[in-house]
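Trainee: Could you take me through one part of this model in detail? I would like to see how a single strand sits among its neighbours, and then how the rest fits around that picture.

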Amino acid sequence: MPKERGHSLIARNRKARHDWTVLDTYEGGLVLTGTEVKSLRQGRASLVDAFATIDDGEVWLRNMHIPEYTEGTWTNHSPRRSRKVLLHRDEIERLMGKTKESGLSLVPLSLYFSDGKAKVELALARGKKAHDKRRDMAKRDAEREMARAIGQYRKGMR
């Protein structure tokens with residue numbers, strides 16, 4: 001059987017960039033059981049309430065939902081169990097320092113297969129306040145209006 005190549009997206013946390021200001025991103029591998037991998041290959045996962053913590057020098061992804069594999073038997077996994085994230089030691093130490101002293105959080109942005117291995121993209125992020133969210137929405141709307149006006153001008157509609 002040929003080795004799997006490429007990048008295939010499983011799940012994306014769309015609300016993360018709305019609720020958090022992303023400062024830095026990290027890619028880590030996931031320690032999974034067989035039925036979890038089979039369920040992910042069917043494209044079934046949710047990062048909606050997921051977050052990552054650092055306990056005893058290890059990074060854990062908590063509250064990520066991977067539904068039970070439909071063809072599985074008594075060997076099936078529990079859907080919301082904690083899963084270990086594999087990162088380099090220096091990355092973990094850097095994250096430990098930043099999350100403890102400056103009040104930052106680790107938020108999963110996406111879950112994907114890269115060359116056949118399950119990976120998660122974690123973001124070092126700071127929570128947004130309501131006025132920050134409103135400012136970002138107003139800025140995005142203004143940029144959209146400017147792009148629309150430029151497009152109409154180029155087409156000769158104005």
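**Strand 5 and its surroundings**

Mentor: Strand 4 and strand 5 run antiparallel and are joined by three bridges. Keep in mind that this is a predicted model. One of the contacts is easy to find: Leu61 has Arg83 in strand 5 as its bridge partner.

Now look to another neighbour. Strand 2, residues 20–30, also pairs with strand 5. The sense is antiparallel, and there are two bridges. Here Gly29 stands opposite Leu86 of strand 5.

Next, follow the side chains along strand 5. In a regular strand, side chains alternate between the two faces of the sheet. Strand 5 shows this alternation. Arg83 and Val85 point to one face, and they are buried. Lys84 and Leu86 point to the other face, and they are not buried.

Stay with Lys84. What does its side chain meet? Lys84 forms a salt bridge with Glu58, with the closest N and O atoms 3.0 Å apart. This pair links distant parts of the chain. Glu58 is in strand 4 (residues 58–62), Lys84 is in strand 5 (residues 83–86), and 26 residues separate them. Are the two partners buried or exposed? Glu58 has 28% relative accessibility, so it counts as partly exposed. Lys84 also has a relative accessible area of 28%, so it is partly exposed. Side chains of opposite charge can pair when their charged atoms come close.

How many salt bridges does a search of the whole structure find? The count is eight. Two more of them sit in helix 4, so go there now.

Helix 4 covers residues 130–155. It has 26 residues and reaches 38 Å from its first C-alpha to its last. That is close to the 38 Å expected at 1.5 Å a residue. In this helix, Asp141 and Arg144 meet in a salt bridge, at 3.2 Å from N to O. They lie three residues apart, about one turn of the helix. Asp141 is partly exposed because its relative accessibility is 41%. Arg144 reaches 44%, so it is partly exposed too.

The other pair is Arg148 and Glu145, whose closest N and O atoms are 2.7 Å apart. Both lie in helix 4, three residues apart, again about one turn. Arg148 has a relative accessible area of 42%, so it is partly exposed. Glu145 has 46%, so it is partly exposed as well. Salt bridges with shared partners also join Glu36, Arg81 and Arg83 into one network. Arg83 brings you back to strand 5, where it is buried. Just after helix 4, Gly156 takes a positive phi of about 85°.

Turn now to strand 6, residues 105–114. It is mostly covered, with nine of its 10 residues buried. Strand 1 (residues 7–12) runs antiparallel to strand 6, and five bridges join them. His7 stands opposite Ser114 in strand 6. Strand 7, residues 117–127, also runs antiparallel to strand 6, and nine bridges join these two. In strand 7, Val120 is the bridge partner of Leu111. Two residues lie between the strands in the hairpin of strand 6 and strand 7. In that hairpin, Asp115 takes a positive phi near 55°.

What about rings? The charged end of Arg41 sits over the ring of Phe113, 4.3 Å from its centre. As for aromatic pairs, the structure holds zero.

Finish inside the protein. The largest nonpolar core has 25 residues. Those with the most contacts inside it include Val85, Leu61 and Leu111. You have met each name already: Val85 on the buried face of strand 5, Leu61 as partner of Arg83, and Leu111 as partner of Val120. Leu30, Leu40, Val59 and Met64 complete that list. Which elements each supply at least two residues of this core? They are strand 1, strand 2, strand 4, helix 3 (89–101), strand 6 and strand 7. The largest share, four residues, comes from strand 7.

Technical notes
Residues are numbered from 1 along each chain as its sequence is written. This is a predicted model: local features need pLDDT of at least 70, side-chain atom pairs count only at pLDDT 80 or more; totals for chains, interfaces and linings use all residues. Side-chain values use heavy atoms; hydrogens and water are left out. Rings of Phe, Tyr and Trp (its six-membered ring) pair if their centres lie within 6.5 Å; planes under 30 degrees apart count as stacked, over 60 as edge-to-face and the rest as tilted. A charge sits over a ring if NZ of Lys or CZ of Arg is within 6 Å of the ring centre and within 35 degrees of the ring normal. A salt bridge is a side-chain nitrogen of Lys or Arg within 4 Å of a carboxyl oxygen of Asp or Glu. Buried means under 20% relative accessible area, exposed over 50%, partly exposed in between (1.4 Å probe, protein chains only). Two strands pair if DSSP finds at least two bridges between them. The expected span of a helix is 1.5 Å times one less than its number of residues. A nonpolar core is a set of buried Ala, Val, Leu, Ile, Met, Phe, Trp, Tyr and Cys residues joined through side-chain atoms within 4.5 Å.
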